[in-house]
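Biologist: I should like to discuss how certain helices pack against one another. Please show the structure first.

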Amino acid sequence: MANLYPPGTLVRARRRDWVVQSGSTSDWLRLRPMGGAEDEVTELAPALETDPVALAQFPEPDPQRVGPFFSAELLYNALRFQLRNGAGPFRSFGSIAVEPRSYQLVPLLLAMKKQVVRLLIADDVGIGKTIEAGLIVRELLERGEINRFAVLCPPHLVEQWVAELENRFNLKAAALTGATAARLERLLPHGKSMSDVYPHLVVSLDYIKSERHRDYFHSMNFEMIVVDEAHTCTKLSGTPKSKQLRFDLLKMLSEDPERHMILLTATPHSGNEEGFFNLLSLLDPKFAGLGAARGKEREKLRQELADHFVQRRRIDISEWRVAKDDRAVGFPTRMTAECPYELSSKAEAFLTAIRDFCRDMMAKADPDSGAARMLGYTVISMLRCASSSPAAAVQMLRNRIGDAGEAVALDALEMEDEFGEPEDDVVNDVEPAAPGAGHEEERRLLKMALALEASPKDDAKLGEVLRCVKKLVAEGFNPVVFCRYVATAHYVADALKAAFKSDKALVVECVTGEFVPEERRAKVDALGEAEKRVLVATDCLSEGINLQEQMNAVVHYDLAWNPTRHEQREGRIDRFGQRSHEVRALMLYGKDNPVDGFILDVIIKKSERIRKSLGVTVPVPMDHDFIGQALLEAALFRRKPGTADDAQGALFEEEELKQLKVVKELELSWMNALENMKKTNTIFAQNAIKPDAVYPLWEAQREALGGHGDVEGFCREAAAGIGFRFEPMRNGLFRLPLESVKFESIAERLRDEGFGGDAVVDFEALHRSSPLVNALAEGIVNEALAGESRTVVRCAVTESVEVEKLTRVYLLRLRFQMRIAYRNQTRRFLMAEEILPVAAAGRHDVEWRVSPEVRDLIHFKARGNLSADFCAKQIKGAETLLRENAAKLQEIARLRAEALLADHNRVKDFTADGSVAEVSPCLPVDVMGVFVILPAED
């Protein structure tokens with residue numbers, strides 16, 4: 001028996017109009033209310049309903065209820081923003097809370113061409129890899145190709161992924177970590193697996209990688225796996241066990257040839273080809289042999305890999321700037337500067353004393369003993385603490401004196417952190433360092449450090465950061481100051497609070513590894529509400545929490561050994577979504593500090609030259625043991641040429657640097673890494689899909705659903721048309737007093753969406769699924785359909801010099817049924833919707849037009865003072881023409897269905913899973929509005 005209610009059909013049930021959804025049968029209906037969201041879908045059995053379910057159709061507009069012509073555009077946009085299953089080529093765009101940029105569609109297009117999606121997305125920091133992966137996941141869900149997916153990520157990113165999926169893609173995901181696993185398992189019904197109850201899961205890699213957990217996770221059989229920070233899962237010779245376990249887990253998952261996998265990383269190739277090719281093997285085992293392949297075989301593998309590899313640098317995105325209204329395609333301009341300072345006499349004396357103490361310890365140690373390596377870590381830790389702040393030095397020295405029996409070499413942990421990713425269970429603070437014999441010298445050093453801490457005026461580094469931050473704030477920037485140690489962060493934050501205590505509008509917040517990720521995020525979000533703000537943080541925020549919405553400047557208070565960490569810090573603000581046209585990055589260093597001097601001269605400046613040459617940051621191609629030994633040589637044992645005196649100067653002469661053995665070795669390794677990365681970028685950068693191939697699809701989708709410019713215009717037109725106001729505030733924000741909303745139904749809808757009192761509106765942050773847009777769109781459509789308003793109406797008449805003959809514009813609501821084929825067999829039916837303006841020009845030989853230019857006709861300003869009777873007559877004539885041309889409307893609907901099929905087939909090959917095999921219109925066509933434009937004289 002034929003289905004009485006195919007997807008897309010309009011029905012009347014429970015005194016409300018609904019659209020039939022996919023999965024419905026004649027006996028069981030899945031219904032979404034007109035203009036409602038996916039979470040409002042209701043299921044019912046027609047046979048059990050008190051009032052029979054009936055096919056529905058919108059009544060014709062009432063010619064006696066003619067209103068102002070601006071209602072045409074207002075109604076058109078309100079109807080568009082109600083659409084959830086838009087007729088554009090991408091199924092998911094009506095259900096997401098972000099407007100993707102055109103260049104972000106490239107990974108999505110690559111994915112749509114494949115039966116099994118295997119992608120490595122290696123775009124630069126801040127380009128939007130999370131959005132690119134989310135688009136793919138949401139699109140596959142909307143098409144019914146997957147039902148379950150899991151995101152695997154380092155533990156400090158779990159909460160961010162949960163938030164991003166919900167806030168941007170309207171996907172509620174559960175977090176599976178060591179802390180939540182027991183609670184989630186208690187909630188499982190008997191006989192159900194985790195993936196049955198939680199089909200969308202974000203999983204901590206460190207929790208799930210163990211042999212005890214990974215087999216259970218593997219049995220959940222998720223159809224799609226997304227791996228963030230995939231470079232932390234590579235397998236290398238001598239790889240730590242933790243990374244080996246991560247790789248083993250991903251290898252096990254990748255062995256299912258039907259499983260979709262997306263790998264995300266900004267650093268796929270750190271110069272080590274072994275790790276790179278092992279990462280590629282997760283896409284397809286044959287890619288592991290790329291390094292050994294030669295000649296035609298290698299070229300063939302390269303070409304195949306290009307279909308699975310997307311890597312764009314900031315410079316590569318510049319060619320996408322020509323897209324119309326592709327706002328923020330260009331990233332902010334990053335202005336960098338160095339901020340040198342000179343040590344005060346007291347600080348210089350303290351640092352010299354620390355160096356002397358460390359050098360004496362090293363001189364007494366047996367270089368061949370097992371303790372020598374640990375002692376090296378201790379010395380480096382002391383040097384870096386002393387260089388960071390008096391507070392960090394005080395804590396370090398107190399730990400040495402007070403905890404002699406429980407020594408921990410901090411940098412053995414910290415350097416692993418710095419060259420990897422921050423771990424949530426390692427507080428980035430000063431732990432007890434291994435003491436020497438006796439504590440007399442430590443007590444003397446502690447006394448010096450306490451004197452410095454108590455006298456901030458003698459701390460030139462602190463004075464320099466205060467000067468820099470004050471200047472940034474005065475110029476309108478909101479900076480984040482990155483420190484290495486918790487003690488330093490509090491020390492700096494306290495000084496900044498004192499410096500700005502008279503400025504009541506400015507808030508200083510300190511966020512460190514002392515707080516769990518949820519607390520860090522809450523503090524950052526709360527800080528964003530301040531008019532002016534300064535954030536002080538350790539590197540627990542260099543990954544995991546994006547700061548582009550709250551901050552727009554970075555100050556490196558402590559230099560990192562690895563330039564990748566500097567890029568990660570700056571990437572928190574210089575990324576997709578940053579609203580400032582310019583961001584600042586300042587780097588503090590001591591001109592007479594040997595630790596800063598070595599890091600600056602040998603590592604950071606070298607990295608910056610490579611970055612400018614290649615366009616990406618190349619990680620330090622040496623392990624932390626090598627860097628630590630180099631720093632010891634430079635900071636402790638360097639002497640002035642021709643003298644026996646220590647060289648306190650930090651900045652090396654260029655020729656002197658070239659002669660250092662460690663620098664020569666580092667230079668050679670870095671050049672090798674650079675050449676390897678150049679080859680990788682040249683071979684595998686994604687150039688197969690060009691802007692010209694994306695723009696038509698992107699524009700078609702924006703036309704169907706409305707873009708950012710349409711959203712803001714709609715809100716402002718709604719305010720002007722139905723009589724409320726947006727009151728401008730500082731910082732480009734607006735206040736919406738609810739008492740100014742004259743339509744009680746719309747005001748009530750706004751209250752339902754959480755607006756209360758004086759709601760604050762940020763037009764830059766608005767998108768089509770924002771609560772404000774939802775409330776306005778639903779309220780305007782309901783007012784128009786109710787037919788009781790004289791302001792928001794379904795028909796209007798005006799005059800214009802822009803038309804040469806009588807022109808009628810009809811707002812049509814088209815619904816389509818789409819048959820989805822899997823390997824050329826029908827798998828399911830979906831529905832799509834479109835709001836289409838159609839023009840009929842002329843009194844006798846009527847010319848019907850369906851083109852982008854027709855939309856411009858509803859933008860006209862009203863002219864003339866036409867009588868109500870005259871307007872009613874014009875609307876009646878337009879409706880008569882429509883009834884006489886019912887076949888024409890059906891033809892338009894069929895042509896739009898053919899165009900929709902063509903658009904979908906351009907996105908998804910017919911031979912791939914999830915292809916749209918057929919599109920048919922749901923008839924009759926709904927006429928939502930009738931508007932008449934009469935020619936006028938100049």
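Biologist: Is the crossing of helix 1 and helix 29 left-handed or right-handed?

Modeller: This is a predicted model. In it, helix 1 covers residues 70–82 and helix 29 covers residues 771–786, with their axes 8 Å apart. The crossing of these two helices is left-handed.

Biologist: Which residues of helix 29 take part in the contact with helix 1?

Modeller: Helix 1 contributes L74, L75, A78, L79, F81 and Q82. By class, the residues of this contact comprise 10 nonpolar, 1 polar and 1 charged. On the side of helix 29, the participants are V773, A777, E778, I780, V781 and A784.

Biologist: What is the orientation of helix 15 relative to helix 17?

Modeller: Helix 15 spans residues 390–402 and helix 17 spans residues 440–454; their axes lie 9 Å apart, at an angle of about 155°. Angles over 145 degrees count as roughly antiparallel. Helix 15 is therefore, with respect to helix 17, roughly antiparallel.

Biologist: How many charged residues does the contact of helix 15 with helix 17 have?

Modeller: From helix 15, the contact involves P390, A391, A393, V394, L397, R398, R400 and I401. Their counterparts in helix 17 are E442, R443, L445, L446, A449, L450, L452 and E453. The contact has 11 nonpolar residues and no polar ones, and its charged residues number 5.

Biologist: What is the handedness of the crossing of helix 15 and helix 17?

Modeller: The two helices pack at an angle of about 155°. Their crossing is left-handed.

Technical notes
Residues numbered from 1 in each chain as written. Predicted model: local features only at pLDDT ≥ 70, side-chain atom pairs only at ≥ 80, totals over all residues. Heavy atoms only, no water. Axes fitted to C-alpha atoms, helices over the stretch in contact; angles between N-to-C directions. Helix = DSSP H or I, 4+ residues; strand = E, 2+ residues; numbered from the N terminus. Parallel < 35°, antiparallel > 145°, perpendicular 65-115°, else oblique. Left-handed = near helix turned anticlockwise from the far one by under 90°. Contact = heavy atoms within 4.5 Å. Nonpolar A, V, L, I, M, F, W, Y, C, P; charged D, E, K, R; others polar.
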